[in-house]
Amino acid sequence: MCGIIGIVGKYPVNQALYDGLTVLQHRGQDAAGIVTCDDDRLYLRKNNGLVRDVFHTRHMKNLHGNMGMGHVRYPTAGCDSSAEAQPLYVNSPYGITLAHNGNLINADSLKEELFKQELRHINTNSDSEVLLNVFAYELHQLNKLKVTKQDIFEAVSRVHKRCKGAYAAVAMITGVGIVAFRDPYGIRPVVFGKRNTPNGTEYMFASESVAIDILGFELVRDIHPGEAIFISVDGKLYTHQCADNPVYAPCIFEHVYMARPDSIIDNISVYKARLRMGKYLAKKILHTYPKHEIDVVIPIPDTSRTAALQLAYILNCKFREGFVKNRYIPRTFIMPGQSMRKKSVRQKLNAINLEFRNKNVLLVDDSIVRGTTSKQIIEMARDAGAKKVFFASAAPAVRYPNVYGIDMPSVQELLAHNRNSEEIAELIGADWLIYQDLEDLISSCMRKGNKNIKQFDTSCFNGNYVTGDVDQDYLDHIETARNDAAKNGCETDKNTESIDLYNDRLE
């Protein structure tokens, strides 16, 4: 999971890009980067760390131009490296920078093709650099001195034919404009908006609509699966469907956990979807445990709060905030290494004992992945004096890895792998545990949403990968790359020297 943003404006875009990235910070806390374009020059700043730590006043002053793009990142697999911070750049042809959210499942074979047949060198382990070089190569093959919108759309069409997996990307061609495109299944989200200024219309791309809102743009719509939208440097908009057989199958986990509740993704309100998750889960509790003995419903901050509120209302139970969150601790789900996750949970949350003492408590979380957080929070509830602790997950059991850009662990590290609800409840220390049904989760997101969506990617729950080309060899490959032993064994690049190319053309 990453966050991307791109703006073609009539005024300097450096501050707008920075503000947009801070809004998308929840999508990645590993690295951040911004590149801007002024005439035929690029200005880049990127490094490991949060947006507020990567960019200081001196950096912002050197990001010149009315066109630019940005990225916040966390690694899906492998080591943390500042070299893999985005946007990424190639000088041929034209000078292209790219920011990408997703994961290419055929990155290794593409990398081999790029090296052996197309004589392009890949400098990192990032599949985003592979995507960039495929796009650049296909654009170069058109052999044009000056690129046109038709050339750009043709290059994106060829990318769709070669690249497999999930990708929402923005690419900036120096002095030409910005193109945003989405894979033919629309797995990862990207929207665009516009705003009118005295000097003309400005356009913006972003992973979530909340960034559009915060910057005062008007949300136009989502980019369709397989579609590309090109904004020229002079502010003209062009759209084209670049895939032969696009299918709407977005990732449902965006609504469960990834996206902010104030975002609209594929014309579906994340907030409303989570309210409906709470409603369906409450009905299941009433059916399964009609004498549930619940005194109070307490959400585990922050993502589950919306579902828990609706659940408590339908159960006619008190809703209380029982945990206070330290907002300066990153999201544990996207922390590398089990030991770091265990350490961070107690630092991140503190119980309000009065809300637990002598009560039967229902804790509600958005999902259970490794179970590390769930187990410790249940222990905290008991230490605070709870008589009984029940646990509800607004999502079904996570039993399979996600291969489309979410850093779910190796399958052996998933708590629900080869276990039923009773076994999981015992492992995390709950008196009972209840999961959302998959059909109800889908209904939560489909109801009053986008009628063009006939299915979601629900692969982490049922193992059905929508692209249809994920085989056991690839699953074995990511099993090796994603397990905690591999992550803890990485030698992270600790060189804090930033990658700044302020006044030099990127060549």
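A168 has R182 of β8 as its bridge partner, one rung in the antiparallel pairing of β7 (residues 165-173) with β8 (residues 177-182), which runs over six bridges. Keep in mind that this is a predicted model. The two strands sit in an open six-strand antiparallel sheet, ordered β5-β6-β7-β8-β12-β13. There is also an open five-strand sheet with parallel pairing, plus a largest nonpolar core of 40 residues and a second, separate one of 33.

**The antiparallel sheet**

- β5 (88-90) and β13 (237-241) are the edge strands, and each has a single partner, so one side of each has no neighbour in the sheet.
- On average, neighbouring strands here are turned by 20 degrees against each other, if you ignore direction.
- Helix α6 (residues 149-162) packs on this sheet and touches β7, β8, β12 (227-232) and β13. The direction of α6 makes about 150 degrees with that of β12.

**A closer look at β12**

- β12 has antiparallel partners on β8, through five bridges, and on β13, also through five bridges.
- On the β8 side, I178 stands opposite I231 of β12; on the β13 side, A228 has H240 as its bridge partner.
- How many of the six residues of β12 are buried? Six of the six are, so the strand is mostly covered, with buried meaning under 20% relative accessible area.
- In a regular strand, side chains alternate between the two faces of the sheet. Here E227, I229 and I231 point one way from β12, while A228, F230 and S232 point the other way, and all are buried.
- The hairpin of β12 and β13 has four residues between its strands, and G235 takes a positive phi near 90 degrees there.

**The parallel sheet**

- The strand order is β17-β16-β20-β21-β22. β17 (318-319) and β22 (432-435) are the edge strands, each pairing on one side only.
- β20 (residues 360-365) and β21 (residues 388-393) run parallel and are joined by six bridges; in that pairing, N360 has K388 of β21 as its bridge partner.
- Helix α9 packs on this sheet, touching β20, β21 and β22, and its direction makes about 135 degrees with that of β22.

**Nonpolar cores**

- Nonpolar side chains tend to be buried together in soluble globular proteins.
- Which residues have the most contacts inside the largest core? They are F253, M277, V403, Y404, F461 and V470.
- The elements giving two or more residues to this core are α8 (253-258), α9 (270-288), α14 (438-446), α15 (459-462) and α16 (472-482). α8 gives the most, with four residues.
- Leaving out residues up to four places away in sequence, V470 touches I105, V403, Y404, Y465 and L475.
- The second core, separate from this one, includes A136, L139, V159 and F230.

**Cysteines**

- The disulfide count comes to zero.
- C163 is in no disulfide, as the nearest cysteine sulfur, that of C242, is 13 Å away. C163 is buried, at 5% relative accessible area.
- C251 is in no disulfide either: the nearest cysteine sulfur belongs to C460 and is 6.5 Å away, whereas the cut-off for a disulfide is 2.5 Å. C251 also counts as buried, at 3% relative accessibility.

Note on methods
Residues are numbered from 1 along each chain as its sequence is written. This is a predicted model: local features need pLDDT of at least 70, side-chain atom pairs count only at pLDDT 80 or more; totals for chains, interfaces and linings use all residues. Side-chain values use heavy atoms; hydrogens and water are left out. Two strands pair if DSSP finds at least two bridges between them. Axes are lines fitted to C-alpha atoms, for helices over the stretch in contact, and angles run from 0 to 180 degrees between N-to-C directions. Contact means heavy atoms within 4.5 Å. A nonpolar core is a set of buried Ala, Val, Leu, Ile, Met, Phe, Trp, Tyr and Cys residues joined through side-chain atoms within 4.5 Å. Buried means under 20% relative accessible area, exposed over 50%, partly exposed in between (1.4 Å probe, protein chains only).
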